[in-house]
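Colleague: I'm new to this one, so could you walk me through it? I'll ask, you answer.

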Amino acid sequence: MTDRSTPTTRFDPDRLAGNFRRVRAVSEALASPLTPEDQGVQSMPDASPTKWHLAQTSWFFETFVLGLGDPGFRPWRAEFATLFNSYYQAVGPMHPRAQRGLISRPGVAEILRYRAWVDEQVLARLERGASIRQLELIELGLHHEQQHQELILTDIKHALAANPCWPRYREPEPCAEPSPAGPLCWVEDPGGLVELGRDLDHPESKFGFDNEGPRHRVWLEPFAIASRPATNHEYLAFMADQGYRRPELWLAEGWDLVRQQGWQAPSYWVSEPVPEQWQQFTLAGLVPVDLEAPVCHLSFYEADAFARWSGARLPSEAEWERTAIDLPVMGNLLPARAAELASASLQPRASLEPNDEASGLTQMFGDVWEWTASPYSAYPGYRPAAGAVGEYNGKFMCNQMVLRGGSCATPADHVRASYRNFFHPPSRWQFTGVRLARG
């Protein structure tokens, strides 16, 4: 039984119950502008239908929390274990990822009933007393659901962009003069021996995924990092200088993709219906490209080519974390409460509000995930968690690159300086951009 006499502890059941209600409400609020038809669409193998996200996050709590240590527990529907198991081989069989859009049943209404039942069961478990392991898994499940909240937005954006009518996820924000991005400055760092990563075993440590630790030492040569992400205006200069036609700027696989896919601009950019004027598809529909906003929806290869063209490079993840480690987590991020979502900016935008007054660093958190030059691999001494949840991160440490900092679709209380996101180099459907480095 959990000790309920220490409400300030990380695993206080009352605090977890409040967070559980709040996070679960955000997921349903993100889905609320969508029709049932919208919620069943899968536009590519890497994306998933909205209703699948709503169900899978519920399946996570049902499978890993409610079924733990309770031989009498019975799931909502046994077949959901196959339909909504994402990639946990130790749990059992799963429906093919690329065919999630073929799951017409259960429908949205039943999935919402399923969510309500799971909510009731988890909250009842917290009320009557949960084991420390169950409390840990509830906390993990909440951060897992926040990852799916970002995917709800990025996946439906990709689906709506496939519609030639350019439908809106929501109405655009009131028009306002774009903020200027400000000049790009270089923030120098002397390098040296630094400690990075999270001490996940420390009793006072806050939540972190297992791939964020253990804490370890890294030697950094002196380097400089850009004070802000690259803008659409700067990326247009790369395009105007034939950036997509110059093989010397590209890694070999990236150049192959440029030719095979016909890339000539970031994803979601279109030159029609306004000739010779780039527009971009957003969650508020088709709008003119904001020249001052961070460039977004770049693959790793595009970010790397742009950096090369700029006479710079991408930062390593160690350089990025070293720069951000003491900065406040503030910026254009997804609100953590459902009531605030209607006024949220779901598009990268220019910002003059610094994360650090002394250095002038801006937008280290939010707006766009920033590609780094680092392959996603284990830190020294890394050990995956025991059991099926050990499949959460470790088995993906191959052929992917690390991104840092969060985006406008990342929940504000989910990201941190040590957070390691990762995607395959060709991926473009996430809110991914670039911050330059040199040295």
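Colleague: Of the contacts in the protein with a separation of 6 or more, what share is accounted for by residues 24 or more positions apart?

Modeller: Keep in mind that this is a predicted model. The chain has ten helices and twelve strands. For contacts with a separation of 6 or more, the share from residues 24 or more positions apart is 78%.

Colleague: What radius of gyration does the protein have, set against a compact globule?

Modeller: The C-alpha atoms fill a box of roughly 65 × 55 × 40 Å along the principal axes. With 439 residues, a compact globule would come out near 22 Å, and the protein agrees with that, at 22 Å.

Colleague: And what percentage of the residues is buried?

Modeller: The accessible surface comes to about 19100 Å², and 54% of that belongs to carbon and sulfur atoms. Buried here means under 20% relative accessible area. Of the 439 residues, the buried ones make up 55%.

Colleague: Which helix gives the largest share of the largest nonpolar core?

Modeller: That core has 112 residues, and Tyr169, Phe238, Trp250, Phe365 and Val434 have the most contacts inside it. The largest share, ten residues, comes from helix α6 (residues 132-161).

Colleague: Let's stay with Tyr169. Which residues is Tyr169 in contact with, leaving aside neighbours within four places in sequence?

Modeller: Tyr169 is one of the residues with the most contacts inside the largest core. Its partners beyond those neighbours are Ala29, Leu30, Pro33, Leu34, Leu153, Ile156, Leu160, Leu283 and Leu346.

Colleague: Is Glu145 buried or exposed?

Modeller: Glu145 is found in helix α6. Not counting residues up to four places away in sequence, Glu145 touches Val23, Arg24, Ser27, Thr57, Phe61 and Arg115. Its relative accessibility is 0% and the cut-off is under 20%, so Glu145 counts as buried.

Colleague: How are the rings of Phe80 and Tyr114 arranged?

Modeller: A search of the whole structure finds 36 aromatic pairs. In this one, the ring centres are 4.9 Å apart and the planes are at 80 degrees. Planes over 60 degrees apart count as edge-to-face, so the Phe80 and Tyr114 pair is edge-to-face.

Colleague: How many residues apart in sequence are the parts that this pair ties together?

Modeller: Phe80 is buried at 0% relative accessible area, and Tyr114 also counts as buried at 0%. Phe80 lies in helix α4 (residues 80-83) and Tyr114 in helix α5 (residues 108-128), so the parts tied together are apart in sequence by 34 residues.

Colleague: Which ring does the charged end of Arg420 sit over?

Modeller: There's a lysine case too: Lys157 lies over the face of Tyr268, at 4.7 Å from the ring centre. The charged end of Arg420 is 4.1 Å from the centre of its ring, which belongs to Tyr379.

Colleague: Where does Pro214 lie, given the cis peptide bond from Gly213?

Modeller: The bond from Gly213 to Pro214 is cis, with omega near 0 degrees. Another cis bond runs from Arg105 to Pro106, with omega near 10 degrees, and Pro106 lies in the loop between α4 and α5. Pro214 lies in the loop between β2 (192-196) and β3 (216-220).

Colleague: Last one: what is the phi of Gln363?

Modeller: Gln363 sits in the loop between α10 (317-324) and β8 (369-375), and at 6% relative accessibility Gln363 counts as buried. Asp367 is found in the loop between α10 and β8, with a positive phi near 70 degrees. Gln363 is not a glycine, yet its phi is positive, at about 60 degrees.

Terms used. Residues numbered from 1 in each chain as written. Predicted model: local features only at pLDDT ≥ 70, side-chain atom pairs only at ≥ 80, totals over all residues. Heavy atoms only, no water. Phe/Tyr/Trp six-rings, centres within 6.5 Å; stacked < 30°, edge-to-face > 60°. Helix = DSSP H or I, 4+ residues; strand = E, 2+ residues; numbered from the N terminus. Buried < 20%, exposed > 50% of the residue type's maximum accessible area, 1.4 Å probe, protein only. Lys NZ or Arg CZ within 6 Å of the ring centre and 35° of its normal. Rg over C-alpha atoms; globule rule 2.2 N^0.38 Å. Contact = heavy atoms within 4.5 Å. Areas by Shrake-Rupley, 256 points an atom, 1.4 Å probe, with all protein chains shown as cover. Core = buried A, V, L, I, M, F, W, Y, C linked by side-chain atoms within 4.5 Å.
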